Amino acid sequence: MVLTLVACRTGPSQYVTDMQVYQGTSEASLIDALGPPDNQYTVEGVKYLTYSKVSQQIYPTNSGGFGVGTGLYRNGGGVFASQDFATRNASIQTYRCDVFFAIRNKRVDKIGHRGEAC
């Protein structure tokens, strides 16, 4: 039996933490450093630039195996063997983190994030 421990994240990811250095910088400096944003929009005079990080994790399903044992059957006992070498599909999970920068007066005024990978 394999035991897996899952760690719970208690704070922002390193990606989100790294983005905090841009607080107060100019919009031009932000774009120079990170490149063009993945999305941008303006609401009530505030421009929002969004950068997205997407990653995938592959979770393998049960793999094939081989077993040997003894057992009782309706007409007597015996030794038996079983095998299962079938290929199974893996499960792929996609994780996303969107970091947005609110630009006021051509400077980064606020930084926020959303997504399960943040």
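This passage describes the overall make-up of a predicted model and then turns to two neighbouring residues, serine 26 and glutamate 27.

The protein contains two helices and six strands. Along the sequence these elements follow the order α-α-β-β-β-β-β-β, with the helical pair ahead of the strands. Of the 118 residues in the protein, 21% are buried. The exposed surface comes to about 9100 Å², and carbon and sulfur atoms account for 52% of that area. Turning to the contacts between residues at least 6 apart in sequence, 54% link residues at least 24 apart.

Serine 26 is a good place to begin a closer look. This residue lies in the loop that connects helix H1 (14–19) to helix H2 (27–34). Serine 26 has a relative accessibility of 19% and therefore counts as buried, since the cut-off for that class is under 20%. The side chain of serine 26 makes a polar contact of 2.9 Å with the side chain of serine 29. Once residues up to four places away in sequence are set aside, serine 26 also touches Lys106 and Arg107.

Glutamate 27, in turn, belongs to helix H2. Its relative accessible area is 15%, so glutamate 27 is likewise classed as buried. With neighbours within four places in sequence left out, the contacts of glutamate 27 are Lys47, Leu49, Ile103, Lys106 and Arg107. Lys106 and Arg107 thus appear in the contact lists of both serine 26 and glutamate 27.

Note on methods:
Residues are numbered from 1 along each chain as its sequence is written. This is a predicted model: local features need pLDDT of at least 70, side-chain atom pairs count only at pLDDT 80 or more; totals for chains, interfaces and linings use all residues. Side-chain values use heavy atoms; hydrogens and water are left out. Helices (H or I, at least four residues) and strands (E, at least two) are DSSP runs, numbered from the N terminus. Buried means under 20% relative accessible area, exposed over 50%, partly exposed in between (1.4 Å probe, protein chains only). A polar contact is a pair of N or O atoms within 3.5 Å; within protein, one must be able to donate a hydrogen and the other to accept it, and residues adjacent in sequence count only if both atoms are side-chain atoms. Contact means heavy atoms within 4.5 Å. Accessible areas come from the Shrake-Rupley method with a 1.4 Å probe; for residues, only the protein chains shown count as cover.
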